[in-house]
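Let's take a walk through this fold together, from its broad layout down to individual contacts. Keep the model open beside you as we go.

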Amino acid sequence: MTEEIRPNLFRIVVPLPDSPLKEINSYVVVSDERNLIIDTGMNRPECKEVLAAGLKEIGVDLNETDFVATHLHADHQGLISTFMTANSKAYMGELDSPTFRGTSNTWSKDGFMENYAHRSGFPADELAASMENHPGFKYSSARTVDYIDLKEGDSFEIGEYKLDVMHTPGHTNGHICLYEANQKLLLSGDHVLGDITPNIASWSDEEDPLNDYLASLEKVKDLDVELCLPGHRSLIHNFRERVEELIEHHHARANEVIEILQQGNKNAYDTAGLMTWSIRANSWDEFPVMQRWFATGEAIAHLRYVEGKGLVSRQQEGDQIVYQAEGGRL
Ligand SMILES: [Zn+2]
């Protein structure tokens, strides 16, 4: 589906087969000089066909078109290298773009992820299966893109639109939103979603991504936004209310994690198994492996956050990391 949301601002809804996200919104801003495409879909034929048809319908000349990925995930940047021309520039937040400059991804480097997963209690055979199916590796760009870094305060001027870059870490470290102050529009990537809650997961021992995410929600909460254009599903008309809901959601989740630990110390994998999930499965054991992996990352993010608040402590038990409730809640 392709629609004109505002004059010269279009949305192309690109399907994401086999993904619980269902679809991604690719936004296109056109002008007499340059065009800008924000997010593209995964590098797979089902996405490529729909995006190509939408761009044709709008009449976009790719020789006059630049690209922005709101963050590094394959569903957002996967088709940039396919559609960009020798005249195109591609942009990404300065903390996400370095991922594409290395020869291999950090996850497979020196068995880091295997080790991290093992310490979190994730079964080794399941990890191998989930890495094989991981959409981030399977459907990323066909070739390397030399991204231009974006930082807070940068902006794009295309026709009647001025899009200001806001750094909003949490969903990824380098995630950015684009704010159009005059038209009261926010292109929110995966920072603020309407029908689903963005995945906040921790894949390192040092980071506290949920703390970053909540700070980034506070950062955008009071912006004057009439219409929020998210990376997935429906457009958001009640922006501030939705941001408040997301903050509340994570507070409740963090308290749920504390309550689970009050029943006894647990590793992240077992904590995830006791959390409530909206996925359609009868039990934790029936979760698809990939979803169990994402859920474990999400559990770690919440454990880290309450650890940072002094409500939970982390201990080494054998070769695993186990969390313990310290009393109190958020
Ligand atoms: Zn994402």
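In this predicted model, the chain splits into two domains, and each of them is built from two stretches of sequence: domain 1 takes 2–102 + 142–245, while domain 2 takes 112–135 + 258–325. Their C-alpha centres sit 29 Å apart. Where they touch, 13 residues of domain 1 are in contact with 12 residues of domain 2. On the domain 1 side, helix H7 gives the most, with 3 residues. That side as a whole breaks down into 8 nonpolar, 4 polar and 1 charged. Keep H7 in mind, as we'll come back to it after the sheets.

Start with the sheet that opens the chain. It's an open sheet of 7 strands, ordered S1-S2-S3-S4-S5-S6-S7, and its pairing is mixed. Which strands stand at the edges? They are S1 and S7 (148–150), and each has a single partner strand, so one side of each is left without a neighbour in the sheet. From one strand to the next, the twist averages 25°.

Zoom in on the S1 end. S1 (residues 2–6) and S2 (residues 9–15) pair in the antiparallel sense, with 4 bridges between them. One pair to look for is Glu 4, whose bridge partner in S2 is Phe 10. The hairpin these strands make has 2 residues between the strands, and there Asn 8 takes a positive phi near 65°. Further along the order, S3 (residues 23–29) runs antiparallel to S4 (residues 35–38), and 3 bridges join them. Here you can find Tyr 27 standing opposite Ile 38 in S4.

Now add a helix to that sheet. H1 (residues 45–58) lies across S1, S2 and S3, and it runs at about 160° to S2. At that angle, which is over 145, the helix counts as roughly antiparallel to the strand.

On to the other sheet. This one is also open and mixed in its pairing, with 5 strands in the order S8-S9-S10-S11-S12. Its edges are held by S8 (155–158) and S12 (227–230); each has a single partner strand, so again one side of each is left without a neighbour in the sheet. The strand-to-strand twist averages 20° here. At the S8 edge, S8 and S9 (residues 161–167) pair in the antiparallel sense over 4 bridges. Look there for Phe 156, which stands opposite Leu 163 in S9.

Back to the helices, then. How do H7 (residues 209–221) and H8 (residues 239–262) meet? Their axes come within 10 Å and cross at roughly 160°, which makes H7 roughly antiparallel to H8. H7 passes H8 in a left-handed crossing. From H7, the contact draws on Leu 210, Leu 214, Leu 217, Val 220 and Lys 221; from H8, it draws on Arg 240, Val 243, Leu 246, Ile 247 and His 250. Sorted by class, the residues of this contact are 7 nonpolar, 1 polar and 2 charged.

H10 (residues 289–308) packs against both of these helices, so to speak from another direction. H8 and H10 pack at an angle of about 85°, with their axes 9 Å apart, and that makes H8 roughly perpendicular to H10. Arg 253, Ala 254, Val 257 and Ile 258 in H8 meet Ala 299, His 302, Leu 303, Tyr 305 and Val 306 in H10. By class, this contact has 7 nonpolar, 1 polar and 1 charged residues.

The H7 and H10 pair comes next. Their axes come within 7 Å and cross at roughly 80°, which makes H7 roughly perpendicular to H10. On the H7 side you'll see Pro 209, Leu 210 and Asn 211, and these meet Ala 301, His 302, Arg 304, Tyr 305 and Gly 308 in H10. This contact divides into 4 nonpolar, 3 polar and 1 charged. Leu 210 turns up in the contact of H7 with H8 and again in the contact of H7 with H10. From the H10 side, His 302 and Tyr 305 meet residues of H8 and also residues of H7.

Key:
Residues are numbered from 1 along each chain as its sequence is written. This is a predicted model: local features need pLDDT of at least 70, side-chain atom pairs count only at pLDDT 80 or more; totals for chains, interfaces and linings use all residues. Axes are lines fitted to C-alpha atoms, for helices over the stretch in contact, and angles run from 0 to 180 degrees between N-to-C directions. Angles under 35 degrees count as roughly parallel, over 145 as roughly antiparallel, 65 to 115 as roughly perpendicular and the rest as oblique. A crossing is left-handed if the near helix is turned anticlockwise from the far one by less than a right angle, and right-handed if clockwise. Two residues are in contact if their C-beta atoms, placed from the backbone, lie within 7 Å. Ala, Val, Leu, Ile, Met, Phe, Trp, Tyr, Cys and Pro count as nonpolar, Asp, Glu, Lys and Arg as charged, and the others, Gly among them, as polar. Domain bounds come from an automatic or database domain assignment. Two strands pair if DSSP finds at least two bridges between them.
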